[in-house]
Structure formats: structure tokens, C-alpha cells
Amino acid sequence: DVLRLTLDTRGGTLVRAELLDYPSDSDRSQPVVLLQDNPEHSYLAQTGLIGGNYPTHKTVLQLQPGERTLQDGQDTLTVRLESPEMDGVKLVKTLTLRRGAYDIGVRHEVINTSGQSINPQLYLQLMRDGMPIDGGNAFYSTFTGPAFYTDESKYQKVEFKDLDKGKANFEKKADNGYVAMVQHYFASAWLLDQGIERENFARKLDDKYYAAGLITSLGRIEPGQSKTLEARLFAGPQKEKVLESLAPGLEL
């Protein structure tokens, strides 16, 4: 009811997020588009597995049958995608949207269909070009770029220009906090539960694109077994009370 989302079956990537309660500065009849993928501007939320020839954000997933619209009287909507088996590994990605909420549940279930134990890692990343957004005030500038938060180092902004130089400074390892992509009035962030070990990263991908995210281990999975990791993706307005309720330091 507050988001209109477009998913690409390639990786189950979120390639467009329209914020239905917020009109665009350039056309008040249209909503703000936060995440998008077009020749002028790209800003995506991607996930996948590493540690072998496993499903990544480039693997085409199979969309499973089900509702695509939150119906009147319903409070949740679930969308499920399944990967093909790759090196004996199958990934099931389930997104859960809740009425009135800008945080989306993203569940990754990794199934070991091989005859040997595996030890995959999951990455969650935000990919964006370095282009500033339109509609800013000519008399002041706002920060656009990645940000990290940990209990130890608190809020750390990362400038695109520092990534260009390979000189970005932020806490790389933690078991708490979040990774975000910030722009004027709006933000996106990957959230994991406190206590889950993760490695934070931010890097320049090419002349145009940057990625910021985290990598976490699922632990060893024996043949015929599976493991699940629950994450949340926030994509919405910087409303302090809402952000405060989702994760420590997110309101920053």
C-alpha cells in the first residue's frame, strides 16, 4: 500500500521502488522513484551466494505462483523465487511486505542437494551510480553515498570520491549495525539481526557504479540439509521515528 516494486527474475533483484505516498519534485502526479534501473540512473538491491559456482544476483530465478498485490483486509504479501540447482546448491528467496511498512523481509534459504557438505556465504548489497539526485537546493549540498553503522564506530559516511581513490575508511567486521545508501530525504539499508557476524564492504565497480554491502557466513550445510537467513531491506523516507524503530542508529 506504500510501495510499488519491480523485481527482475535475474537474481530476484529489486530494480524499481516507487514510494506511493511521496510525489516526485519533477512531476507531482507521479511518486518518488527511489530504486530504478535505466540508462540515466541505476540504483539496485542485490543478493547472492559466494564460495562456489552458486546462485548469484546474475542467476535467473523462477518466480513462484501467488498474489502480486496486497489485497484489502490483508496485512502481508509474500513473493517467492527459486534458483536452479548449481553445484548441488539451490537458493530460495522470499520477500515479505507488510501493510504500511517500508522494510521488506528478505529470507534466503540455501538447500544442499549435493552429496558433500558446503560452506556458502551470502552477500547483500546496494549498487548505485555516483550521480547526485535532482531537486536539491542550490544553496546547500546533501550527502549522497554509502553509510555504515556499528556499535563500536557509530555512523560512518563513505564518499564516492574516497572509493575512487581506494581510501574509504569504515569498520570492516562487526556483528551488529547496518549498511545503507543515503540520498536527500530517502535511504535504503540492509539490516541483519544483532549478533550475526558480517564483513562490510564498499567498492567502485567500474567508471560509473559503486557497491556497498555485507557478507555473512551461513555455516556448514550437510548433504540434504538447508539453512535460512532472515534479513530486511529498508527502502523509504528518512522518517526518524520509523528508522529508530527498525535498527539501532538507523535514524542517523
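1. In this predicted model, strand β15 (residues 186-192) pairs with strand β18 (residues 226-237) in the antiparallel sense, and seven bridges connect the two. Two positions in β15 can serve as reference points when the pairing is inspected. Ala187 stands opposite Gly236 in β18, and Leu192 has Ala231 as its bridge partner in β18.

2. Strand β18 also pairs with strand β9 (residues 103-112), again in the antiparallel sense, over nine bridges. Within that pairing, Arg107 is matched with Glu230 of β18 as its bridge partner.

3. These strands belong to a wider arrangement. An open sheet of nine strands runs in the order β6-β7-β8-β9-β18-β15-β14-β11-β12, with antiparallel pairing. Which strands stand at the edges? They are β6 (62-63) and β12 (154-157); each has a single partner strand, so one side of each is left without a neighbour in the sheet. As a general point for reading such a sheet, side chains in a regular strand alternate between its two faces.

4. A further set of pairings involves strand β16 (residues 198-204). Strand β13 (residues 173-174) runs antiparallel to β16 and is joined to it by two bridges; here Lys173 has Glu199 as its bridge partner in β16. Strand β17 (residues 209-217) pairs with β16 in the antiparallel sense as well, over six bridges. The connection between β16 and β17 is a hairpin of four residues, and Lys204 stands opposite Tyr210 in β17.

5. Gln46 deserves attention as a polar side chain in strand β5 (residues 42-50). Is this residue buried or exposed? With a relative accessible area of 7%, Gln46 falls under the 20% limit and therefore counts as buried. The side chain of Gln46 makes a polar contact of 2.6 Å with that of Gln125. Apart from neighbours within four places in sequence, the residues in contact with Gln46 are Thr13, His57, Tyr123, Leu124, Gln125, Met127 and Trp190.

6. Gln46 also borders an internal space. How many cavities of 30 Å³ or more does the model contain? The count comes to one, and the space in this largest cavity is about 50 Å³. Its lining consists of Gly12, Leu14, Ala45, Gln46, Thr47, Lys93, Leu95, Val106, Trp190 and Leu233. Two elements, β5 and β8, give two or more residues to that lining, and β5 gives the most, with three residues. By class, the lining of the largest cavity has six nonpolar residues, three polar and one charged. Trp190 appears both among the contacts of Gln46 and in the lining of the cavity.

7. Glu82 is a charged residue to examine in strand β7. Its relative accessibility is 16%, and Glu82 is therefore classed as buried, given the limit of under 20%. A polar contact of 3.1 Å links the side chain of Glu82 to that of Lys90. Leaving out residues up to four places away in sequence, Glu82 touches Leu61, Gln62, Gln64, Lys90, Leu91 and Val92.

8. The second largest pocket holds about 450 Å³ of space. Its lining comprises 20 residues, and those closest to the centre of the pocket are Leu5, Arg68, Leu77, Val79 and Leu97. Which elements give two or more residues to the lining of this pocket? They are β1 (3-8), β7 (76-82) and β8 (89-98). The largest share comes from β1, which gives six residues. By class, this lining has 12 nonpolar residues, three polar and five charged.

9. Several elements recur across these points. Strand β8 has a place in the nine-strand sheet between β7 and β9, and β8 gives two or more residues to the lining of the largest cavity and to that of the second largest pocket. Strand β7, which holds Glu82, is likewise among the elements that line the second largest pocket. Strand β5 holds the buried Gln46 and gives the most residues to the lining of the largest cavity.

Methods: Residues are numbered from 1 along each chain as its sequence is written. This is a predicted model: local features need pLDDT of at least 70, side-chain atom pairs count only at pLDDT 80 or more; totals for chains, interfaces and linings use all residues. Side-chain values use heavy atoms; hydrogens and water are left out. On a 1 Å grid over the protein atoms alone, a cavity is a set of points where a 1.4 Å probe fits but cannot get out, and a pocket is an open set with protein on both sides within 12 Å along at least five of seven lines; lining residues have an atom within 4 Å of a point. Grid points are joined across faces, edges and corners, and a volume is the space filled by probe spheres set on the points. Ala, Val, Leu, Ile, Met, Phe, Trp, Tyr, Cys and Pro count as nonpolar, Asp, Glu, Lys and Arg as charged, and the others, Gly among them, as polar. Buried means under 20% relative accessible area, exposed over 50%, partly exposed in between (1.4 Å probe, protein chains only). A polar contact is a pair of N or O atoms within 3.5 Å; within protein, one must be able to donate a hydrogen and the other to accept it, and residues adjacent in sequence count only if both atoms are side-chain atoms. Contact means heavy atoms within 4.5 Å. Two strands pair if DSSP finds at least two bridges between them.
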